[in-house]
Structures are given as C-alpha cells and as structure tokens.
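Here's a friendly walk through one helix and the company it keeps. Have a look at the model first, then read on.

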Amino acid sequence: MHGYNHPKGLTAALAERLGVRAVRDTYDGQRNLHTQLERTVDGLRDSGRLVILDEAQKLNDGALEVLRDIHDTTGVPILLIATKDLHDRIMRTIGPDHGQQYSRFDIVHHLSQIGR
C-alpha cells in the first residue's frame, strides 16, 4: 500500500483492500474520512484478518494513532515491518500518545541481529 503515511491515505488504502466503497460527502471532508474509517473498522471487526504494513517507518503520528484505534476497536493483529527508525522514534518520544502506542507492541524483532 503506497501513500498510507497520512491517516487519510492509510484509511483509503485499507478501505480499498477490504473492498469498502468510498462515501462521498460534499459538505465536509472530515465526515467522509470518518465514515470511511467507520466502514473500514466494520469490515475488519471479527474478520480474522491480519493487517500487514511494510515500510511502516513512513507512517506519521496520525497514521500510527489510526492503527492503534483500529487495533483497539477491532482486535485484529497488526504487523508493522519497518526499519529500526520507527522503534527509535517511538522510544524517543514516549509520552501519553506514543506510550499508548508502544504498549500495544507484543514483539519487537531486530532482523539485523539475525545470525550474529
């Protein structure tokens, strides 16, 4: 999925993968994003799916928050494949938001350490 570093792009990419059709609201762009996110969450809830995101280090803080909310609401596991930069960024900025994000991490595996 390309262009998912922003919450709106992430939501659109997930919706596309799930076959969720966009809802057009001409009066309020935020309402459109919220509706698409709600429909995406409904598509993931109790689906037994695993969400896999490659190059997750490109996610901005808003997109990470959307993923956290999706996980909390649907219970689907989310696998983030990223460079060490994402882990370092989250560790460096642990506070109310990122602390909540980091608490959802179950396994952090540094692939560069394999075979050492």
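## Helix H3 and its surroundings

In this predicted model, a good place to start is the set of buried residues in H3: Ala 63, Leu 64, Val 66, Leu 67, Arg 68, Ile 70 and Thr 74. The helix itself covers residues 61–74, so to speak a run of 14 residues. From first C-alpha to last, H3 reaches 20 Å, close to the 20 Å expected at 1.5 Å a residue.

What happens at the two ends of H3? The table sets them side by side.

| Place | Residue | Value |
|---|---|---|
| Start of H3 | Asn 60, side-chain oxygen to the backbone nitrogen of Gly 62 | within 3.1 Å |
| Just after H3 | Gly 75, positive phi | about 80 degrees |

Now for the inside of the protein. The largest nonpolar core has 16 residues. Leu 10, Val 51, Leu 53, Leu 59 and Ile 70 have the most contacts inside it. Two or more residues of this core come from each of helix H1 (7–18), helix H2 (29–44), strand S1 (51–54), H3 and helix H4 (84–92). H3 gives the most, with five residues.

How do H1 and H3 sit against each other? Their axes come within 8 Å and cross at roughly 45 degrees. That angle makes H1 oblique to H3. On the H1 side, the residues that meet H3 are Pro 7, Leu 10, Thr 11 and Leu 14. Their partners in H3 are Gly 62, Ala 63, Val 66, Leu 67 and Ile 70. Ile 70 therefore turns up again here, among the H3 residues that meet H1.

Technical notes: Residues are numbered from 1 along each chain as its sequence is written. This is a predicted model: local features need pLDDT of at least 70, side-chain atom pairs count only at pLDDT 80 or more; totals for chains, interfaces and linings use all residues. Side-chain values use heavy atoms; hydrogens and water are left out. Helices (H or I, at least four residues) and strands (E, at least two) are DSSP runs, numbered from the N terminus. The expected span of a helix is 1.5 Å times one less than its number of residues. Buried means under 20% relative accessible area, exposed over 50%, partly exposed in between (1.4 Å probe, protein chains only). A polar contact is a pair of N or O atoms within 3.5 Å; within protein, one must be able to donate a hydrogen and the other to accept it, and residues adjacent in sequence count only if both atoms are side-chain atoms. A nonpolar core is a set of buried Ala, Val, Leu, Ile, Met, Phe, Trp, Tyr and Cys residues joined through side-chain atoms within 4.5 Å. Axes are lines fitted to C-alpha atoms, for helices over the stretch in contact, and angles run from 0 to 180 degrees between N-to-C directions. Angles under 35 degrees count as roughly parallel, over 145 as roughly antiparallel, 65 to 115 as roughly perpendicular and the rest as oblique. Contact means heavy atoms within 4.5 Å.
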